[in-house]
Amino acid sequence: MANLSQPSEFVLLGFSSFGELQALLYGPFLMLYLLAFMGNTIIIVTVIADTHLHTPMYFFLGNFSLLEILVTMTAVPRMLSDLLVPHKVITFTGCMVQFYFHFSLDSTSFLILTDMALDRFVAICHPLHYGTLMSRAMCVQLAGAAWAAPFLAMVPTVLSRAHLDYCHGDVINHFFCDNAPLLQLSCSDTRLLEFWDFLMALAFVLSSFLVTLISYGYIVTTVLRIPSASSCQKAFSTCGSHLTLVFIGYSSTIFLYVRPGKAHSVQVRKFVALVTSVLTPFLNPFILTFCNQTVKTVLQGQMQRLKGLCKAQ
């Protein structure tokens, strides 16, 4: 009975329903993963290397790109390897570790998006106090809190999963250790855990989303009062990429995780998780460059310098 309630390993079904065709998914998914990794790495290096980007806005942007890399690393490499093997097994400890880091990093990314919204709010609504309010020390504190809070809050969450009785089998119908598939395998009473998950979603997703909405409400009100059309357009352009990231990130996460544990079918969760794990990190670097004129200008300048160096050689 102990072995049944605490399995030593789980089987990840992943995309087993595709049969032999799942091997064909390896190439496209690997390409998207590598491009996402390269794109976000380029943004991080650009932010560090160019002094024009040593501002609070791009400090938080670099943090967000780093999180995009780390979140995908918690699930996608494992998913890619499982596409090529018939027996997709993960140890119980490995499953809990994956669960912990995936949701901790994912929650951190939402808090960083909120930090970015607060930065734009101060820059546009209180420009005279921007240097004082968004000092280097304040930015480090905001980013540090965004990283620390989810990692601390997820400790009781993952420990509760580790002590559940899993007597409904050891097969997880997903490509990583997601919350709902784990709860479905448990024969323990999970109502309290589902309520805790809902409180976590309120704390890290809905509350940060509310702060972001309020910040942009004030931003829009302030920008519409600007008499100069060019200044108004410039103010909106600096917020365009951030608003796009907010829409993509929050829409999928609120759909999946704000409603308690078993509200959605596993197939729906698997599809949306695939989009957020593979497609969204691939698109974000393009959103950050095409919607942000400053980043686009810096990248173009670096490309011109590289071409100049190549010609000189």
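Buried means under 20% relative accessible area, exposed over 50%, and partly exposed in between (1.4 Å probe, protein chains only). This is a predicted model: local features need pLDDT of at least 70, side-chain atom pairs count only at pLDDT 80 or more, and totals for chains, interfaces and linings use all residues. Residues are numbered from 1 along each chain as its sequence is written, and side-chain values use heavy atoms, leaving out hydrogens and water.

**Exercise 1.** Decide whether Arg 161 is buried or exposed.

*Solution.* Take its relative accessibility: 0%. Arg 161 therefore counts as buried.

**Exercise 2.** Find the salt-bridge partner of Arg 161 and place both residues.

*Solution.* A salt bridge needs a side-chain nitrogen of Lys or Arg within 4 Å of a carboxyl oxygen of Asp or Glu. Arg 161 pairs with Asp 197; their closest N and O atoms are 2.4 Å apart. Now place them. Arg 161 lies in helix α6 (residues 136-162) and Asp 197 in helix α8, so the pair links distant parts of the chain, 36 residues apart. Helices here are DSSP runs (H or I, at least four residues), numbered from the N terminus. Last, check Asp 197: its relative accessible area is 12%, so Asp 197 is buried.

**Exercise 3.** Contrast the burial of two other salt bridges, Asp 119 with Arg 120 and Asp 189 with Arg 191.

*Solution.* Start with the N to O distances. Asp 119 and Arg 120 meet at 2.9 Å. Asp 189 and Arg 191 meet at 2.8 Å. Then check burial. Asp 119 and Arg 120 are both buried, whereas Asp 189 and Arg 191 are both exposed. The whole structure holds four salt bridges.

Methods
Helices (H or I, at least four residues) and strands (E, at least two) are DSSP runs, numbered from the N terminus.
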